[in-house]
Amino acid sequence: MQEIQKEALVQKMHAEVGRLKQEVDRLREITKPVAPDDSIGRLSRMDNIVNISVNRAALSKAESRLAGLEYVLRNIDDPEFGYCMECGAPIPHARLMAMPGATLCVKCAE
Ligand SMILES: [Zn+2]
């Protein structure tokens with residue numbers, strides 16, 4: 001991969017990491033266990049439980065995506081970077097830009 005392409009990619013990944021960190025903070029905040037409050041009715045409590053489980057799922061997705069990106073960023077100077085982990089083919093730059101942190105080529109990801 002050319003240096004200039006790599007630089008663009010690193011920038012893109014840093015931006016994505018920043019966005020994900022905000023997302024994780026926001027989701028952590030809204031999935032915090034709430035103290036039982038008798039002033040909310042049973043229905044809204046049910047609603048709340050459903051929302052929390054949806055948001056927890058989103059939180060764990062965002063966290064694992066964040067961990068994946070941070071891993072890739074730590075290993076950006078690895079000579080293997082930009083190559084498919086599965087078959088070793090170079091991953092097209094366009095794919096890396098579209099999916100920062102991708103470690104598989106299009107074929108292997110399918
Ligand atoms: Zn592959």
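Trainee: Why is Asp77 counted as exposed?

Mentor: Its relative accessibility is 64%. The cut-offs are under 20% relative accessible area for buried, over 50% for exposed and partly exposed in between, with a 1.4 Å probe and protein chains only. At 64%, Asp77 therefore counts as exposed. One thing to know early: this is a predicted model, where local features need pLDDT of at least 70 and side-chain atom pairs pLDDT 80 or more, while totals for chains, interfaces and linings use all residues. Residues are numbered from 1 along each chain as its sequence is written, and side-chain values use heavy atoms, leaving out hydrogens and water.

Trainee: What makes the contact of Asp77 and Lys6 a salt bridge?

Mentor: The term asks for a side-chain nitrogen of Lys or Arg within 4 Å of a carboxyl oxygen of Asp or Glu. Here the N to O distance is 3.3 Å, so the pair qualifies. Asp77 sits in the loop between α2 and α3 and Lys6 in helix α1 (residues 3-30), 71 residues apart. Helices here are DSSP runs (H or I, at least four residues; strands are E, at least two), numbered from the N terminus. Lys6, at 15% relative accessibility, counts as buried.

Trainee: How do you know that Glu16 and Arg65 tie together distant parts of the chain?

Mentor: They form a salt bridge, with closest N and O atoms 3.2 Å apart. Glu16 belongs to helix α1 and Arg65 to helix α2, so this pair joins parts 49 residues apart in sequence. Glu16 is buried because its relative accessible area is 15%, whereas Arg65, at 34%, is partly exposed. Glu16 and Arg65 also share a salt-bridge network with Arg19.

Trainee: How many salt bridges does a search of the whole structure find?

Mentor: Seven. Among them is Arg28 with Glu63, at 2.6 Å from N to O.

Trainee: Which residues hold the zinc ion, and how do you know that they are donors?

Mentor: Cys84, Cys87, Cys105 and Cys108 coordinate the zinc ion through their SG atoms at 2.3 Å. A donor is an N, O or S atom within 2.8 Å of the metal (3.2 Å for Na, K and Ca), and sites may look incomplete because water is not among the atoms. So these SG atoms at 2.3 Å pass.

Trainee: Why is the arrangement called tetrahedral?

Mentor: The donor atoms subtend angles of 105 to 115°. Four donors count as tetrahedral if all angles lie between 85 and 135 degrees, so the zinc site fits.

Definitions and conventions. Four donors count as tetrahedral if all angles lie between 85 and 135 degrees; four count as square planar and six as octahedral if opposite donors are over 155 degrees apart and all others between 65 and 115; anything else is irregular.
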